[in-house]
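Subject: Structure handover

Hello,

Here is the structure I said I would pass on. My notes on what was found in it follow below.

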Amino acid sequence: MNRNNHSKHIALKQVKINDSFWNNICETVRNNVIPYQYLALQDKIEDAEKSYCIDNFIKAANVVSNLNNGIEVETYPVDKWYYDEKNADEKAFHGWVFQDSDVYKWIEAVGYSLQNHPDKALEAKAREYIDIICSAQLENGYLDTLYIINNRHKTFSNLKDFHELYCFGHLVEGAVSFYEATGDKKLFDAAVRFADLICDTFGKDKINGYPGHEIAELALVKLYEKTKQIKYLETASFFIEERGKTPFYFDKEQGTKTDGSSYKYNQAHMPVKMQKEALGHAVRGVYLYSAMADIAKYNNDAQLLAACKNIWNNIVNKKMYITGGIGATAEGEAFSFDYDLPNDLAYCETCASIGLIFFAQRMSELEINSQYSDIIERALYNTVLASMAEDGKSFFYVNPLEVLPIASREDSRKKHIKTVRQKWFNCACCPPNLARLVSSIGKYIYSENDNIIFVNQYIGSEIKNDKAEIKMVSDYIESGEIELHIKPKKAFTLALRIPAWCSEYEISYTDKIRNGYAFINITNDICITAAFNPKIKMIRCSNMVKYNIGKIAVTRGPIVFCIEEADNGKNLHLLKLCDKPNFIYHNGIILANGYREKADDYLYQDYKADEYEECTIKFIPYYKWANRKENEMSVYVRIK
């Protein structure tokens with residue numbers, strides 16, 4: 001591995017965003033999404049599914065108080081993935097086994113928001129939750145409300161299914177974010193105490209298990225970066241190295257003996273260095289692959305990096321939707337086989353695209369190659385943004401590429417496809433994940449190493465660090481034009497990503513092009529301009545994707561477009577684009593010449609040529625769909 005190719009994102013506090021496209025989105029998350037989720041976690045959103053999250057922490061805090069005072073505490077079963085008023089005692093844990101993680105992600109989003117937008121009222125709300133969380137921690141550092149409330153004697157007894165290490169991972173990430181924003185170490189110290197317990201519990205000559213749902217590995221690396229204590233990196237490395245070894249730990253835990261094939265769901269069917277294909281639960285997968293990239297970087301592990309590259313190539317070349325969505329099947333919320341990308345059955349969980357962004361960023365920090373930031377851009381501007389309503393008060397968990405409302409109601413195979421965004425979910429991992437990503441969007445714009453500052457995303461912003469002051473003025477989405485005003489503090493190299501979608505561009509200064517970046521040597525104050533022509537394009541799939549034979553998708557710059565019934569009438573499948581559609585772009589909308597095929601009244605008849613009438617087809621950005629009313633939607637359109 002060439003360490004000269006390594007980089008690190010520029011700290012969030014050093015990045016100030018001012019962007020014509022992103023300002024409104026960031027403000028919506030700060031002013032609407034974060035306050036809305038604060039109420040949702042307390043079950044205060046009318047007609048929304050219950051969270052139970054904060055209620056569980058209050059219950060756990062009462063248990064800890066009673067234990068500390070020598071008061072006998074009842075135990076309850078720990079035998080299900082989900083508990084509610086119908087199947088659990090009112091005093092027991094309620095919700096999914098991973099319910100704790102929702103508030104941790106919310107706190108992480110708050111921390112990121114506070115770093116650039118100090119807000120004493122919001123900070124006080126977070127401290128209110130932090131006080132409740134910390135009061136629920138056991139004396140030995142353990143912190144998971146399911147086991148604290150229901151049965152303290154069964155901790156770490158079902159790593160495969162019950163998410164203690166997953167919740168720990170989100171605890172750490174929330175704690176680090178809030179500490180960096182405020183300097184308040186209360187939650188950070190609680191996270192460290194739990195981390196120390198995990199390091200004492202897992203490892204060689206200890207429990208040789210690993211998380212069923214990965215993310216603890218990422219969190220331990222983050223603690224290592226923050227504290228420089230090697231034990232956190234070693235435990236993260238242990239989880240990675242141990243995963244998938246035979247005899248399978250999950251067999252031992254479950255009292256079974258299997259060939260391990262069922263553990264594909266958990267990416268634990270074989271050692272990670274042998275894995276070449278993205279398999280199983282998509283969110284778990286990309287969280288694992290992100291951690292593998294981290295460990296490869298810090299341990300200088302070329303074999304682990306090779307596994308990351310193999311998996312990366314499998315995802316982006318054979319298992320990723322044009323919108324940056326991943327996870328094609330609702331069964332197991334999982335990756336399917338190569339080229340199996342159905343539009344109307346797509347799962348494309350919001351969390352999975354967010355995890356893909358995490359994986360891509362870590363790969364970009366391992367080697368200089370623009371493809372990783374290209375994928376961040378694709379997932380960010382399409383699937384991730386589509387998952388939130390324009391007012392920030394409803395959300396998609398699943399992000400399909402084709403929707404027929406009657407099918408979602410009547411076809412059991414499509415029950416997971418929602419036609420309108422939901423106020424909340426009892427399994428609510430996606431909304432707070434979205435909030436933490438958008439609140440930290442500044443981390444994805446720039447990265448650096450000793451000699452280079454990389455501009456990875458063209459989001460209007462300013463940075464100040466030891467190399468330079470840089471102000472980027474961006475009209476990237478509308479015109480593709482940017483200006484970079486640079487005041488160097490010492491000589492350095494600037495690297496501008498050339499977007500993969502762009503075949504026509506101009507950059508005012510360029511010294512060389514390498515791996516998708518334009519490199520420019522900076523020695524004096526300078527203004528660099530770049531124009532990336534956002535031409536409207538018709539994109540076809542590989543003909544191995546049988547669902548899209550004879551169809552194309554319309555894109556402009558990084559944005560994927562779609563058609564909706566509200567603009568084009570019912571039966572979108574009867575529309576066809578002309579082979580020369582004469583696209584017109586105006587105010588974010590694309591108009592094109594096309595045809596509507598005449599509907600047949602008879603189910604079967606002798607073959608005859610199809611009959612068409614000319615029409616205009618209207619496209620809107622995919623991220624804007626379902627903001628008007630319930631209606632049909634499709635990304636792919638037939639072409640005549």
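Helices α9 and α11 are oblique to each other, because angles under 35 degrees count as roughly parallel, over 145 as roughly antiparallel, 65 to 115 as roughly perpendicular and the rest as oblique. α9 covers residues 230-242 and α11 covers residues 282-299; they pack at about 125°, and their axes are 10 Å apart. Axes here are lines fitted to C-alpha atoms, for helices over the stretch in contact, and angles run from 0 to 180 degrees between N-to-C directions. Helices (H or I, at least four residues) are DSSP runs numbered from the N terminus, as are strands (E, at least two).

Before the rest, a word on the source: this is a predicted model, in which local features need pLDDT of at least 70 and side-chain atom pairs count only at pLDDT 80 or more, while totals for chains, interfaces and linings use all residues. Residues are numbered from 1 along each chain as its sequence is written, and side-chain values use heavy atoms, with hydrogens and water left out.

Helix pairs

The crossing of α9 and α11 is left-handed, a term for a near helix turned anticlockwise from the far one by less than a right angle (right-handed if clockwise). On the α9 side the contact (heavy atoms within 4.5 Å) is made by L233, A236, S237 and I240, and on the α11 side by L288, A291, M292, I295, Y298 and N299. Of these residues 8 are nonpolar, 2 are polar and none is charged. In this count Ala, Val, Leu, Ile, Met, Phe, Trp, Tyr, Cys and Pro are nonpolar, Asp, Glu, Lys and Arg are charged, and the others, Gly among them, are polar.

The second pair is α3 (residues 100-116) with α6 (residues 164-182), packed at about 20° with axes 8 Å apart. α3 and α6 are therefore roughly parallel to each other, and their crossing is left-handed. Residues of α3 in the contact include Y104, I107, G111 and L114, and those of α6 include H170, L171, G174 and F178. By class, this contact has 9 nonpolar, 7 polar and 5 charged residues.

The third pair is α4 with α7 (residues 186-201), at an angle of about 30° and with axes 10 Å apart. α4 and α7 are therefore roughly parallel to each other, and α4 passes α7 in a left-handed crossing. I130, D131, I133 and C134 of α4 meet K186, L187 and A190 of α7. The contact of α4 with α7 divides into 5 nonpolar, no polar and 2 charged residues.

Nonpolar cores

A nonpolar core is a set of buried Ala, Val, Leu, Ile, Met, Phe, Trp, Tyr and Cys residues joined through side-chain atoms within 4.5 Å. Buried means under 20% relative accessible area, with exposed over 50% and partly exposed in between (1.4 Å probe, protein chains only). The largest core has 218 residues, and I315 and L494 have the most contacts inside it. α11 gives the most to this core, with 11 residues. Outside its neighbours within four places in sequence, I315 is in contact with A278, V286, Y289, M320, I326, F335, L356 and F359. There is also a second, separate core of 6 residues, among them I368, F454, A495 and F519.

Single residues

I311 lies in helix α12 (residues 302-319) and counts as buried, at 0% relative accessibility. Not counting residues up to four places away in sequence, I311 touches Q275, K276, E277, A278, Y289 and M292.

E123 is in helix α4 (residues 120-135). E123 counts as buried at 12% relative accessibility, and its contacts beyond four places in sequence are L114, F178 and T182.

D161 sits in the loop between α5 (145-150) and α6. D161 is buried at 12% relative accessibility, and beyond four places in sequence it is in contact with W81, V97 and Q254.

N266 is in the loop between α10 (249-254) and α11, and is buried with a relative accessible area of 2%. Leaving aside neighbours within four places in sequence, N266 is in contact with K160, G212, E214, R243, F250 and R284. N266 and P118 are 148 residues apart in sequence and 39 Å apart in space, C-alpha to C-alpha.

Regards
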